[in-house]
Amino acid sequence: MCLISWRERTLRFPFLSLLFSVWFLFSLSMSSVLAQDGHNGLDFNLDIEGKTKATPDILRRPGIDLSGRGFHNDPTWPQNLADLEVLAQLEQHLNLQGGIFRLQFDLWEFVQLAKNKQMQMEFLDNYSAVIKNINAAGGIVILNLYGMPPGLGKVLDKKSSPWDIKAFKKLVKDVIRYFSCLKEYTVWYEIWNAPDLEDFFLGEKKEYLNIYKVAAESVRELERETRRNIIIGGPGLTWWFQNLEGNNSLYPEKSLIYELIRFCAQRRLPLDFISWHAYTSDPFAERELTRYKKIVPELIREWLSYFGLDPTMPLIISEWNFDAGLNFEPRRGWESYVAASFIPSRIRSMLASGIDYQIFFCLEDFKGNKQGVNQNVGLFWFEPSYVKYIGGPKSMFNVMRMLNMLGSEMFLASRLDNEFVGLIATKTRTGLALLLFNYIDPEIAKNYLSRHLSELSAKQARALVNLVNSSKWEQIINKSIPLKSLRLNKKIRARLKEAIALHDKAVSLMQNPQGVNLKLVNLKSNYTYKKYVVDKSCCLDCAFVPREEKEIGGVDTYIETLFLEPFSVVLILLEENTAAVSELIEESTETFTTDEDKQEAERDDVAGH
């Protein structure tokens, strides 16, 4: 079910409870055969001398929003930025090169420090230190600008739209000038955060568009002054189809994304990327088929092309996480292996749909802040302490590390897919990296129905949504209420039957591991085998060490049957054992030399006689 996160939950058009994704399966190449058998499981065959292509950055390069906590004792440390200790662990354990990291810059918070210029500069210096480290490692920063400072808004509220547009423009321009022109950092600017929610913006569509106009004009003016290229985009909606009046996916052209594209095209304003959020339990959210028979990214690119803008500009999911509707979600905490298994399934689906960048929200949990925001959305947990850092990584962070260890080349015949199990096979500098995952969508029945909403008329869609939102739904999927007892449209009845079948299959798979028969051919070397596992055996503060290590040698073909537990991720690394190869060569040389010496000795003996 399309469940908005704690940050984005508000009253919506009833359709929203079902608007998710369309089911999508990769087509399998002939050299990578997937077969389903009740006893033998799934088969995956890989020729390690097969063709490869560059591994897409969205798979192996980290994308993380660095937010967390919501409070700090030091007023010069951004209040919504994760703890310094957590940032240090991020840099220690992940290769940041090519990654994209989001920072939220609260203009209200910045201006509040204006009375003490030293503190305000320390505030900027703290941002600069984080951005500098990311840029130095080869990463990109998205700086999300939001928050109306006191005295500039129509009301005394950081969510307000501006009344003094000139003063607001000067502020925005000064911030962009500082980071992009004076410091010369690589920063992309995302204008506002969730403007379709009253919790984040109090204003109308035209007022948001004016805010974007102010920022875009500032960028254009600074580019002319400095001849630097500055990237700007938005609008950071809660869902791709949303606007400030409320909308649903049956009417895509009412989306604020559509309005922003048209607005920028008509006024020749810079627009370099499109961003939105997507909190869900459905890994296929971007595969939702619209009424125009196009999936979401295809439709947005068509809008860009129609208005004469670059249709290849980056599409960014600038916030996402596993979300099934709870503020403190156990499956992001003491059962975080569930959310961990969701991560690779979700990212791989984003890649398939045409998304360019993804940004997981967020680095650290929120807790104990003045705003009362207490949510376990982070890759790291913590307990508030005024003395020392108390916290650590969840199993979700270990999966991020696994993805980061994928090789730079991906096998073309590297896809193993059904509704639940996936495999990504890559080639590293020293061998292979294979990532397998088994994720079972807890809301698979509702998400399946949402994939077929575009087939229905508005009246039929309302009927289906009302049924799913009713107290009868649980009884229907559990078959306590037979479908034949309900007065339903024929098409709706057929889809409900299929959704119930999927639900039954998911319930069954949650009880048993999934077998995968792995066959690797053309090894032609000795390898060190390491297997890393994330599953229900550990969720918090899990050591990132191999669960199994062994040597593989003397075989051309390696065969193994893996058993993937429900909600698990497995990384297999095969590293060529160069020492063993050298030793083998030396032994062969010694044997050859000994035989040669023996033959020469025999010839000498014959000559002597």
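**Figure 1. The left-handed link of Cys538 and Cys542 in the predicted model**. With -105 degrees about the S-S bond, the connection between Cys538 and Cys542 is left-handed. The sulfur atoms of these two residues lie 2.1 Å apart and form a disulfide, and the structure as a whole holds 1 disulfide.

**Figure 2. Solvent accessibility at Cys538 and Cys542.** The two partners of the disulfide are shown here with their surroundings. Cys538 has a relative accessibility of 28% and therefore counts as partly exposed, because that class lies between the limits of 20% and 50%. Cys542, with a relative accessible area of 13%, is buried, since buried residues are those under 20%.

**Figure 3. Two further cysteines, Cys264 and Cys362, both buried**. The relative accessible area of Cys264 is 1%, so this residue is classed as buried. For Cys362 the relative accessibility is 0%, and Cys362 is therefore likewise counted as buried.

**Figure 4. The protein as the setting for the close-up views.** The secondary structure of the protein comprises 15 helices and 22 strands. The protein has 609 residues, of which 57% count as buried, and its accessible surface comes to about 26100 Å², with 51% of that area belonging to carbon and sulfur atoms. When contacts between residues at least 6 apart in sequence are considered, 74% of them join residues at least 24 apart.

Notes: Residues numbered from 1 in each chain as written. Predicted model: local features only at pLDDT ≥ 70, side-chain atom pairs only at ≥ 80, totals over all residues. Heavy atoms only, no water. Disulfide = S-S within 2.5 Å. Buried < 20%, exposed > 50% of the residue type's maximum accessible area, 1.4 Å probe, protein only. Helix = DSSP H or I, 4+ residues; strand = E, 2+ residues; numbered from the N terminus. Contact = heavy atoms within 4.5 Å. Areas by Shrake-Rupley, 256 points an atom, 1.4 Å probe, with all protein chains shown as cover.
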